[in-house]
Amino acid sequence: MRPVTEAILVIDVQSDFCPGGALAVAGGNEIVAPINAMVPQFAVRVFTQDWHPEDHSSFASQHEGAAPYSMTEMAYGPQVLWPDHCIIGSEGAGFHSQLDTRGADVIIRKGFRREIDSYSAFFENDHTTPTGLAGYLRTRGIESVILVGLATDYCVNFSAVDAARLGFQVTVVESLCRAIDLDGSLSAAKDGMAAAGVRFA
């Protein structure tokens, strides 16, 4: 077992982010079995899910003439416009069929407010509206978090940086993550994580 002050955060290992899904991350399915093997080592286990209404403002389909993966400006800053994905209650929003979630202590669902996207497990993209995860981890006595999942350059990145800024020790297990790497986003994300004090394993 890992130290009781350490938690694992399994980020968005959902059907839509795996091969065949609406927003597939290359190799997303490859990390499922090793994550299953790793999770039982931790006393505190958190899983996250993207959980969007069908008319979510981050979907390109909600912006006339906009192409998926193009950029727009929201009230809270720049926003990638994504293909419709992880729609509440859909098969694509479900966890990957091989992911073992039976050991989850808590599941954080994010992005359910139509008007704002939510990459991080800790805050929505305004960097202000909390999910409640930080308080949960503190009540469990957690001091450090280990992150795995999808995608390295978006939801893992934002979660890791926020965790570090909140005072947790943070490690991203790169071999158990996969990236979208949109226009160099992986390199930029890794630089940002390193600058925030995130460690890589």
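Good morning. I begin with Asp183, which counts as exposed at 77% relative accessibility. Asp183 sits in the loop between β7 and α4, and its phi is positive, about 55°, although the residue is not a glycine. For context, most residues other than glycine have a negative phi, and most peptide bonds are trans. I should say at once that the model is predicted.

A second residue belongs with this one. Tyr69, which is not a glycine either, has a positive phi of about 75°. Tyr69 is located in the loop between β2 and β3, and with a relative accessible area of 34% it is partly exposed.

Let me now turn to the chain as a whole. The protein chain contains four helices and eight strands. In sequence order, these elements run β-α-β-β-β-β-α-β-α-β-α-β. A compact globule of 201 residues would have a radius of gyration near 17 Å, and the 16 Å computed for the protein chain agrees with that. Along the principal axes, the C-alpha atoms occupy a box of roughly 50 × 35 × 30 Å.

Half of the picture is interior: 50% of the 201 residues count as buried. The protein chain exposes about 8,600 Å², of which carbon and sulfur atoms supply 51%. As for contacts with a separation of 6 or more, 73% are between residues 24 or more positions apart.

Among the helices, I would like to dwell on α3, which spans residues 152-165. This helix is mostly covered, with 12 of its 14 residues buried. The buried set includes Tyr154, Cys155, Val156 and Val161, and also polar residues such as Asn157 and Asp162. What do the buried residues of α3 pack against? Their partners are the strands β1, β4 (77-80), β5, β6 (144-150) and β7 (169-178), together with the helix α4 (185-196).

Both sides of this helix deserve a remark on backbone geometry. Ahead of it, in the loop between β6 and α3, we find Ala151. The peptide bond joining Leu150 and Ala151 is cis, with omega about -10°. Just after α3, Gly167 takes a positive phi of about 100°.

Within α3, Asp153 merits separate attention. Asp153 is buried and yet has no salt bridge. How far away is the nearest side chain of opposite charge? That side chain belongs to Arg178, and the distance is 11 Å. A salt bridge requires the nitrogen and the carboxyl oxygen to be within 4 Å, so Arg178 does not qualify as a partner. What Asp153 does have is a backbone neighbour: a polar atom of its side chain lies 3.0 Å from the backbone nitrogen of Ile180. Leaving aside residues up to four places away in sequence, Asp153 touches Ala179, Ile180, Asp181, Leu182, Ser185, Leu186 and Ala189.

This brings me to the charged pairs. In general, side chains of opposite charge can pair when their charged atoms come close. The structure holds eight salt bridges, and I shall discuss three.

The first on my list joins the side chains of Lys110 and Asp12, at 2.8 Å from N to O. Lys110 lies in strand β5 (residues 106-110) and Asp12 in the loop between β1 (6-11) and α1 (32-38), so this pair ties together parts that are 98 residues apart in sequence. Lys110 and Asp12 are both buried. Moreover, Asp12, Asp50 and Lys110 are linked in a network of salt bridges.

The next is between Arg114 and Asp55, whose closest N and O atoms are 3.4 Å apart. This pair also links distant parts of the chain, 59 residues apart: Arg114 is in the loop between β5 and α2 (133-139), and Asp55 in the loop between β2 (44-50) and β3 (71-74). Arg114 is partly exposed, with a relative accessible area of 37%, and Asp55 is partly exposed at 32%.

The last involves Glu6 and Arg2, whose side chains meet at 2.8 Å, N to O. Are these two residues buried or partly exposed? Glu6 is buried, with a relative accessible area of 11%, whereas Arg2 is partly exposed, at 27%.

To close, I return to the contrast between two aspartates. Asp12 is buried and takes part in a salt-bridge network with Asp50 and Lys110. Asp153 is buried as well, but has no salt bridge; its side chain has a polar atom 3.0 Å from the backbone nitrogen of Ile180. Thank you.

Notes
Residues numbered from 1 in each chain as written. Predicted model: local features only at pLDDT ≥ 70, side-chain atom pairs only at ≥ 80, totals over all residues. Heavy atoms only, no water. Helix = DSSP H or I, 4+ residues; strand = E, 2+ residues; numbered from the N terminus. Buried < 20%, exposed > 50% of the residue type's maximum accessible area, 1.4 Å probe, protein only. Lys, Arg positive; Asp, Glu negative; His and termini not counted. Polar contact = N/O pair within 3.5 Å; in protein donor to acceptor, adjacent residues only side chain to side chain. Contact = heavy atoms within 4.5 Å. Rg over C-alpha atoms; globule rule 2.2 N^0.38 Å. Areas by Shrake-Rupley, 256 points an atom, 1.4 Å probe, with all protein chains shown as cover.
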